[in-house]
Amino acid sequence: MSRYRVATIPGDGIGVDVTAEAIRVLDAALPGIEWTEFDWSCENYLRTGAMMPADGPDRLTEFDAILLGAVGFPGVPDHISLWGLLIPLRRAFGQYVNLRPVRLLPGTESALRDRTAADLDILIVRENSEGEYSEIGGTHNPGRPDEFVLQESVFTRVGCERIIRYAFERAAQRGGRLCSATKSNGLIHSMPYWDSVFERIATEYPGVETRQMHVDALAAEIVLHPDRLDVIVGSNLFGDILSDLAAAVTGGLGMAPSGNINPSGDAPSMFEAVHGSAPDIAGQGIANPVAQILAAAMMLEQLGEHDAAAAIDRAVCDVLDKGDIRTADLGGTATTTDLGTAIAQRVAELVVHG
Ligand code: NAD
Ligand code: IPM
Ligand code: MN
């Protein structure tokens, strides 16, 4: 039996549906996880005036991990909902790494149709606590002809060094290749600084082959030559944009998981899909739960439950490879629950039979 206590925040839109399926699969993989659900969401905001209570982070610290659905829904401006819940939690818990593996899974078709799983296996290491996502700035001279808005970026030495070093470590454990996303041709202060940190830390890892690419060219590289990429490290905004792009080339946003990792382990890490609440398909029961289920597997990996994590991964691959149960984004007619249940059943078989 599990000894873990996990907090869930299903949130908004399809976050609620896919989190239910991730819990179903986790219960099959590792029975006995103690779940505590928090109803923090845009609905909660409209009811109480806050996305989460002021002591929200304090209430979560005691958990071993957090499983988050998605945050944001029409009716509450996105900068209110996300800065009221997701972004403060990432920062409160020192989750400075946002890990986003992107793989072409068996039985699924890439938008790049001649690519196979061997060509498309990338780990995006996204800075998750500073960079372009900053509260520094404001609107000046509002309503006047000389009105202007400032939005500052923050690149600290500690923040850049720790994420770049983390990415080098991961690259050393994987294929030994690391590509840094820059844009030093357009951003004349932040990106040359980022590049200088990257170059300095590279000297500590002579075994890792490095590249630095402008983020626009790197976006094209993901589409044209994904096989040349292994680990990518990027700032908060670049990592965000590249991860949706990379998910799309594997067949869609429903496939890509994400872990907000606190590498020191002194606070819970938080697992979610790369995608959002998908208001366009919310309430229809047709969202693809695979991304959230793979995020659940990342959670088990982080907790040290490698066998249970591997069982989930294998079950997802087996069900997709068999191909008879697919959600609409994968060309099928199955519901979110149909696919979640099929994966949970396969996990149960794997756990029993080893
Ligand atoms: P989105 O990821 O929610 O949706 C983009 C497109 O992908 C939509 O067409 C959607 O239907 C499709 N899609 C996403 N997930 C899918 C799935 N599992 N199965 C099938 N199709 C899927 O992005 P958006 O529309 O830009 O954002 C919607 C809301 O979610 C906004 O409020 C945004 O701020 C928020 N958001 C939250 C998170 C998060 O909580 N981590 C992440 C991204 C966006
Ligand atoms: C993500 C999301 C968030 C981000 C938004 C909703 C603030 O897009 O997790 O990818 O940019 O971090
Ligand atoms: Mn995003």
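1. Which side chain meets that of arginine 47 in a salt bridge? In this predicted model, the partner is aspartate 39, with the N to O distance given as 3.2 Å. Arginine 47 is exposed, its relative accessible area being 53%, whereas aspartate 39, at 46% relative accessibility, counts as partly exposed.

2. The structure holds 25 salt bridges, and another one to look at joins arginine 103 to aspartate 313, where the closest N and O atoms are 2.8 Å apart.

3. Turning to the interior, the largest nonpolar core has 84 residues, and Val125, Ile312 and Ile343 are those with the most contacts inside it. This core lies between domain 1 (1–96 + 253–354) and domain 2 (110–250), because both domains give residues to it. A second core, separate from that one, has 22 residues, among them Cys42, Met51, Ile66 and Val71.

4. Valine 125 deserves a separate look: leaving aside residues up to four places away in sequence, valine 125 touches Val97, Asn98 and Leu99, then Ile163, Tyr166 and Ala167, and also Val231, Ile232, Val233 and Gly234.

5. The residues around ligand 2 are Leu82, Ile87, Arg90, Arg100, Arg126, Tyr133, Asp240 and Val274. An oxygen atom of ligand 2 is 2.6 Å from an N or O atom in the side chain of arginine 90; for the side chain of arginine 100 the corresponding distance is 2.9 Å, and for that of aspartate 240 it is 2.8 Å. Ligand 2 taken alone exposes 320 Å², of which the protein buries 78%.

How values were computed. Residues numbered from 1 in each chain as written. Chains lettered and ligands numbered in written order. Predicted model: local features only at pLDDT ≥ 70, side-chain atom pairs only at ≥ 80, totals over all residues. Heavy atoms only, no water. Core = buried A, V, L, I, M, F, W, Y, C linked by side-chain atoms within 4.5 Å. Buried < 20%, exposed > 50% of the residue type's maximum accessible area, 1.4 Å probe, protein only. Domains from an automatic or database assignment. Contact = heavy atoms within 4.5 Å. Near = heavy atom within 4 Å. Polar contact = N/O pair within 3.5 Å; in protein donor to acceptor, adjacent residues only side chain to side chain. Areas by Shrake-Rupley, 256 points an atom, 1.4 Å probe, with all protein chains shown as cover. Salt bridge = Lys/Arg side-chain N within 4 Å of Asp/Glu carboxyl O.
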